[in-house]
Amino acid sequence: MPESFLELQNVKTHFPVEKGIFIRKQVATVKAVDGVSLILRKGEIVGLVGESGCGKSTLGRTILQLIPPTEGAVVLEGRNLSGLSKDELRNARADFQMIFQDPYATLNPRMTVYDTLAEAISSHKKISSAEMPNRVSALMTKVGLSPRFIKKYPHEFSGGQRQRIAIARALAVEPKLIIADEPVSALDVSIQAQIINLLGKLSREMDLTLIFISHDLSVVKHISDRIAVMYLGRIVELGPATQVFERPLHPYTKALVSAVPVPDPEREARRKRMILQGDPPSPTKIPGGCPFHPRCPFVDPPRCTTIVPVFEALDNPEQQATCLRIKEIH
Amino acid sequence: MEYWNAPYFITPSLHHSVPDPMPPLLQVENLHTSFHTRHGIVRAVHDVSFSLEKGETLGIVGESGSGKSVTCYSLLRLIPEPPGRIEKGKALFDGVDLLSCSKNQLRSIRGKRVSMIFQDPMTSLNPFLKIEDQLIEPLLIHENLSRDEAVKRGVKALQDVGVPGAEERIKAYPHEFSGGMRQRVMIAMALITKPDLLIADEPTTALDVTVQAQILELIKKMQKEIGMAVILISHDLGVVSGFCDRVNVMYAGRVVESANIADLFARTQHPYTRALQKSIPALQPKGAELYTIPGMPPDVSKPIRGCPFVPRCEFAQPKCENPVELLEVEPNHGSACLRVQQKELDLTSEDLR
């Protein structure tokens with residue numbers, strides 16, 4: 001195994017569902033993340049995909065300790081983040097940052113670009129006020145914004161430029177790990193391309209480890225080295241991006257890939273579609289056995305409905321999926 | 001009431017000296033829609049013309065603010081007036097001009113012969129009313145059915161769109177449905193009067209890919225059953241390419257390219273369409289630098305004289321500042337690029353791809 005940079009050890013994040021006004025009783029548990037183990041190498045880009053409600057955002061937030069995990073550990077460079085005290089965690093946060101989906105909501109409308117970025121820089125480092133404008137300008141140049149915008153407010157920028165400011169803010173503390181939660185979903189196609197290029201470039205230049213959360217498979221495939229597919233709080237398939245896309249192992253990944261519309265009428269017409277029936281079940285009632293069995297076209301009861309599948313590879317040990325029938329359906 | 005000169009009194013054959021074998025179902029001519037705001041006149045739709053045959057599927061693609069939704073809202077006069085104003089244009093639907101006909105006549109068409117589904121199924125259903133009441137409303141208004149009969153049709157409609165347990169579910173409230181199921185309810189509601197034209201405004205944008213595939217498949221199936229025409233508004237070239245016969249690409253309130261879906265991709269005739277294709281990750285080799293369109297879409301509240309794409313176009317020349325309209329550059333393929341029209345620029349040649 002290559003040296004691990006970030007390790008998730010059986011991470012679970014559960015939320016209680018309570019009822020009652022005065023006497024609150026727990027009536028159910030939302031198992032948003034339900035046992036995720038994953039090892040990331042330094043400098044790689046891992047794409048996290050899945051339908052809404054599959055727990056991909058919660059996993060991202062759990063890694064950053066914005067939501068403490070219910071069980072399991074998040075280990076960054078040998079240090080267990082879940083065991084840190086509040087102060088220690090605050091210091092450790094210089095190493096990992098987050099970029100959010102909506103660049104309109106994440107920037108303070110009353111702060112200029114300078115204020116926003118200077119605050120981020122000074123929160124983890126002492127910089128003299130004479131030096132600060134240089135730092136901020138350098139940061140803006142890095143994300144492709146002209147430093148002459150330094151005194152402008154967020155509303156004076158377009159969506160793409162705002163997302164650049166948000167990226168600059170994340171880079172301000174020189175992090176080693178960035179989690180980008182749907183960073184391009186709110187942007188138009190032509191702007192999307194700019195942000196994807198920028199993130200790819202930054203990750204290469206700064207040796208950043210990037211977790212790229214998105215529901216858009218074609219974007220994830222383009223930018224990621226590896227892809228992790230989530231379903232109902234678990235990773236069901238993990239492997240090199242191109243392989244997961246071209247020869248998915250798990251039936252769910254197959255359905256996901258075949259559901260992505262291809263902007264090419266010729267290929268689109270030739271393609272065989274596998275359309276899933278129904279919606280994903282509620283994370284309060286995760287089906288027993290393989291969680292995908294109620295929607296799976298390859299389901300083979302009683303095996304699939306009783307045995308919880310573990311990761312298994314077909315030929316390439318790098319690509320693994322949690323499906324009992326992996327060898328039979330390929 | 002001015003029923004004596006109402007358009008339905010004039011049969012199409014009287015209208016044309018040479019009888020047209022198949023008049024199009026919808027013909028939009030020179031539509032201009034603008035919004036008169038405090039910050040000036042926003043020309044959201046500028047000189048848009050297109051036609052749609054019976055049973056045809058037309059896609060309208062463009063980025064946000066390109067006027068694709070306003071075009072369709074204008075057709076049904078759903079633009080809030082003021083500040084919106086349909087400045088000029090015609091939209092002949094089966095011989096009736098939707099833009100100038102009386103309110104009563106419009107009401108008899110809207111929701112009966114032309115239906116619409118919207119992007120967000122959460123906000124387009126009334127949370128206070130049971131699905132039943134909302135679903136059968138078009139039948140009570142347009143078909144004078146009794147409530148019992150209408151409910152029967154409603155249950156059937158829900159079954160058709162694949163809502164399991166329709167008989168009980170019809171009594172439920174919108175919040176008891178998932179996003180995909182709500183969009184199915186919206187579709188059932190739009191199709192319950194068997195319209196001739198369905199306008200779908202980003203019907204799957206709020207949904208997951210797996211559910212998106214289900215919904216698109218459903219619209220296609222219903223289209224085959226009813227034989228209706230569909231206008232699909234989308235920002236996603238992928239969705240459009242699997243679904244539509246023809247596509248209009250819109251930019252800054254104008255149609256810049258109009259073609260059959262295969263030609264749009266294989267024989268692109270406008271620099272904007274080409275730039276869009278080059279910036280989509282799905283069409284590019286993995287990890288390659290994506291093409292980015294420099295600059296930003298123009299501010300349509302300022303008058304645009306020539307081609308609106310000039311400031312961002314890599315092929316622009318000084319003459320591109322002159323007014324340009326959508327002209328046929330190949331059979332059935334329109335482009336609003338002056339240089340393509342004058343055969344100076346061949347975007348289909350290999351060295352440009």
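**Exercise 1. Strand pairing in chain B**

Task: Find which residue of β5(B) L92(B) stands opposite, then place that pair in its sheet.

Solution.
Step 1. L92(B) stands opposite D97(B), a residue of β5(B). The model is a predicted one.
Step 2. Turn to the strands. β4 of chain B covers residues 84-93, and two bridges join it to β5(B). The two strands run antiparallel.
Step 3. Widen the view. The strand order is β2-β1-β4-β5 in chain B, an open sheet of four strands with antiparallel pairing.
Step 4. Mark the edges. These are β2 (40-52) and β5 (96-97) of chain B, each of which pairs on one side only.

**Exercise 2. A hairpin in chain A**

Task: State how many bridges pair β1 and β2 of chain A, and in which sense, parallel or antiparallel.

Solution.
Step 1. β1 spans residues 6-19 of chain A, and β2 spans residues 25-40. They pair over 12 bridges in the antiparallel sense.
Step 2. Pick one pair. T29(A) in β2(A) has P16(A) opposite.
Step 3. Check the turn. Five residues lie between the strands of this hairpin. G20(A) takes a positive phi there, near 100°.

**Exercise 3. The contact of chains A and B**

Task: Work out how many residues each chain brings to the contact, and which helix of chain A gives the most.

Solution.
Step 1. Count by chain. Chain A brings 32 residues and chain B brings 36.
Step 2. List the helices on the side of chain A that touches chain B. At least two residues each come from α6 (189-206), α7 (217-223), α8 (241-246), α9 (251-259) and α10 (265-270) of chain A.
Step 3. Find the top contributor. α6(A) gives the most to this side of chain A, with six residues.
Step 4. Sort by class. The side of chain A that touches chain B holds 16 nonpolar, nine polar and seven charged residues.

**Exercise 4. The largest nonpolar core**

Task: Name the residues that touch the most other members of the largest nonpolar core, and explain where this core lies relative to the domains of chain B.

Solution.
Step 1. The core has 190 residues. V229(A), V185(B), I187(B), A188(B) and I231(B) touch the most other members.
Step 2. Domain 1 (121-192) and domain 2 (271-352) of chain B both give residues to this core, so it lies between them.
Step 3. Add the spacing. The centres of these two domains of chain B, taken over C-alpha atoms, are 43 Å apart.
Step 4. Zoom in on A188(B). Leaving aside neighbours within four places in sequence, A188(B) is in contact with L135(B), A157(B), L158(B), D160(B) and V161(B).

Methods. Residues are numbered from 1 along each chain as its sequence is written. Chains are lettered from A and ligands numbered from 1 in the order in which they are written. This is a predicted model: local features need pLDDT of at least 70, side-chain atom pairs count only at pLDDT 80 or more; totals for chains, interfaces and linings use all residues. Domain bounds come from an automatic or database domain assignment. Two residues are in contact if their C-beta atoms, placed from the backbone, lie within 7 Å. Ala, Val, Leu, Ile, Met, Phe, Trp, Tyr, Cys and Pro count as nonpolar, Asp, Glu, Lys and Arg as charged, and the others, Gly among them, as polar. Two strands pair if DSSP finds at least two bridges between them. A nonpolar core is a set of buried Ala, Val, Leu, Ile, Met, Phe, Trp, Tyr and Cys residues joined through C-beta atoms within 7 Å. A residue is buried if 20 or more other C-beta atoms lie within 10 Å of its own, exposed if 12 or fewer, and partly exposed in between; C-beta atoms are placed from the backbone.
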